[in-house]
Amino acid sequence: MTLEQAPSVAAETDEELTRETLEAEGLTFTPEMTLSERAEELEEHMMKRMSKRTAKSVIFTSGDLDPTEPAPPPADPSLHVLMGDDPRLPRMPKAPTLQDFFKYRFSPSQAHLLQSAALALRNGHDEKIVMACLLHDIGIVGFIRSDHGYWGEQLVAPYVDEEARWAIRCHQALRFFPDDSVGYEYPEMYIKLMGADYKVEPYVEEEYKRARNHKWYMTSRLITLNDLYSFDPNAVVDIDDFTDIIGRNFKQPKEGLGFDGSPVAHMWRTIIWPTKYL
Ligand SMILES: [Fe+2]
Ligand SMILES: [Fe+2]
């Protein structure tokens, strides 16, 4: 990650940090530094700048590091730990809406969600389906990849129709199983990504069987049919294009996502404050 590729940063004073500002403070990139060395240097500089230290959650580094081994020691153990806003991230409103998460926390791969929802709309599906398409990979774009259908369902469960949340969970399994009756084929992309000999785990197959016989099967299947990465590479879709549909199909809590005391509020807070120490 170069500084240019780093996320835009809003510090306490909401000043925009530029490379010049950081270099004037002592941040140095030398030509021989690798990208990861630059990223580390930038991270260390930002830590010093905020006078706090963060410790990465086990789940953030598990895989890159063996989680059963001791974590690397902090660069400066004398600093207090971070217990609130991370100044390296865009500041979120006090009572954030779903759209705020798209704008301030979700990755650029949210374009896939916007395109899927736009395609569902173009295909004439009702708003429940469009909403499910808009949220189907929310687990990936905002939280965690592994078992994204399940995480995604839980994130939105209190706020959307029960059928839509069920469909979000099951699309993960249905994506692996063709359905000739509606023209859904095993994705070419999965062959590229996982290899031609990849077989799903038994729990995915069990989920598929349950979903196949469920009364809402077609709702989840419609997600997979609109689950295209770029149906129109030139289409520019913005989350604000869906304001009305979200308004009618997503019960935004007045306290903001993360602060409504719901059983999933902590998940939204973790997205707001991913580096909070406790
Ligand atoms: Fe998915
Ligand atoms: Fe998807």
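**F177 is a buried aromatic residue in this predicted model.** The relative accessible area of F177 is 15%, which is under the 20% cut-off and therefore counts as buried. Y208 falls on the same side of that cut-off, because its relative accessible area is 16%. Both rings return in the close-up of aromatic pairs below.

**Aromatic pairs: a search of the whole structure turns up 11 of them.** One of these joins F101 and W268 edge-to-face, with 4.7 Å from centre to centre and 70° between the planes. F101 belongs to helix 4 (residues 98–104) and W268 to helix 14 (residues 265–272), so-called distant parts of the chain that are 167 residues apart. Neither ring has any accessible area to speak of: F101 counts as buried at 0% relative accessibility, and W268 is likewise buried at 0%. The pair formed by F177 and Y208 is stacked, because the ring centres are 3.9 Å apart and the planes meet at 10°. This pair also links distant parts of the chain, with F177 in the loop between helix 9 (162–174) and helix 10 (188–194), Y208 in helix 11 (residues 202–212), and the two positions 31 residues apart.**An aromatic cluster, and a charge over a ring.** Ring pairs join F101, F102, F106 and W268 into a cluster. If you look at R212 instead, you will find its charged end over the ring of Y217, 4.1 Å from the ring centre.

**The iron ion (ligand 2) is held by two histidines and two aspartates: H112, H136, D137 and D227.** The donor atoms are NE2 of H112, NE2 of H136, OD of D137 and OD of D227, at 2.1 to 2.2 Å from the iron ion (ligand 2). What is the arrangement of the 4 donor atoms? The angles they subtend run from 80 to 171°, which makes the arrangement irregular. Along the chain, the donor residues follow the spacing H-x23-H-D-x89-D. Within this set, H112 and H136 link distant parts of the chain: H112 sits in helix 5 (residues 110–122), H136 sits in the loop between helix 6 (127–135) and helix 7 (138–142), and the two are 24 residues apart. H112 and H136 are both buried.

**The iron ion (ligand 1) has D137, H148 and H171 as its protein donors.** OD of D137, NE2 of H148 and NE2 of H171 lie 2.1 to 2.2 Å from the iron ion (ligand 1). Their spacing in sequence is D-x10-H-x22-H. Which residue coordinates both iron ions? D137 does, and the iron ion (ligand 1) and the iron ion (ligand 2) are 3.8 Å apart. D137 is in the loop between helix 6 and helix 7 while H171 is in helix 9, so this pair ties together parts that are 34 residues apart in sequence. D137 counts as buried because its relative accessibility is 4%, and H171 is buried with a relative accessible area of 1%.

**Helix 14 has buried residues that line one face.** The buried residues in helix 14 are A265, M267, W268, I271 and I272. Viewed down the helix axis, the buried residues of helix 14 fall within an arc of 165°, so they line one face of the helix. An α-helix has 3.6 residues a turn, so residues three or four places apart point the same way. The cover over the buried residues of helix 14 includes helix 4, helix 7 and helix 8 (148–156). Helix 4 also carries F101, the partner of W268 in the edge-to-face pair.

**D147 has a positive phi although it is not a glycine.** The phi value of D147 is near 55°. This residue, D147, is located in the loop between helix 7 and helix 8. Is D147 buried or partly exposed? D147 counts as partly exposed, because its relative accessibility is 26%.

**T219 is a buried residue of helix 12.** Helix 12 spans residues 217–225. T219 counts as buried because its relative accessibility is 7%. Which residues touch T219, once neighbours within four places in sequence are left aside? T219 is then in contact with I129, E163 and A167.

How values were computed:
Residues numbered from 1 in each chain as written. Chains lettered and ligands numbered in written order. Predicted model: local features only at pLDDT ≥ 70, side-chain atom pairs only at ≥ 80, totals over all residues. Heavy atoms only, no water. Donors = N, O, S within 2.8 Å, 3.2 Å for Na, K, Ca; no water. Tetrahedral: all angles 85-135°; square planar, octahedral: opposite > 155°, others 65-115°. Helix = DSSP H or I, 4+ residues; strand = E, 2+ residues; numbered from the N terminus. Buried < 20%, exposed > 50% of the residue type's maximum accessible area, 1.4 Å probe, protein only. Phe/Tyr/Trp six-rings, centres within 6.5 Å; stacked < 30°, edge-to-face > 60°. Lys NZ or Arg CZ within 6 Å of the ring centre and 35° of its normal. Arc of directions from axis to C-beta. Contact = heavy atoms within 4.5 Å.
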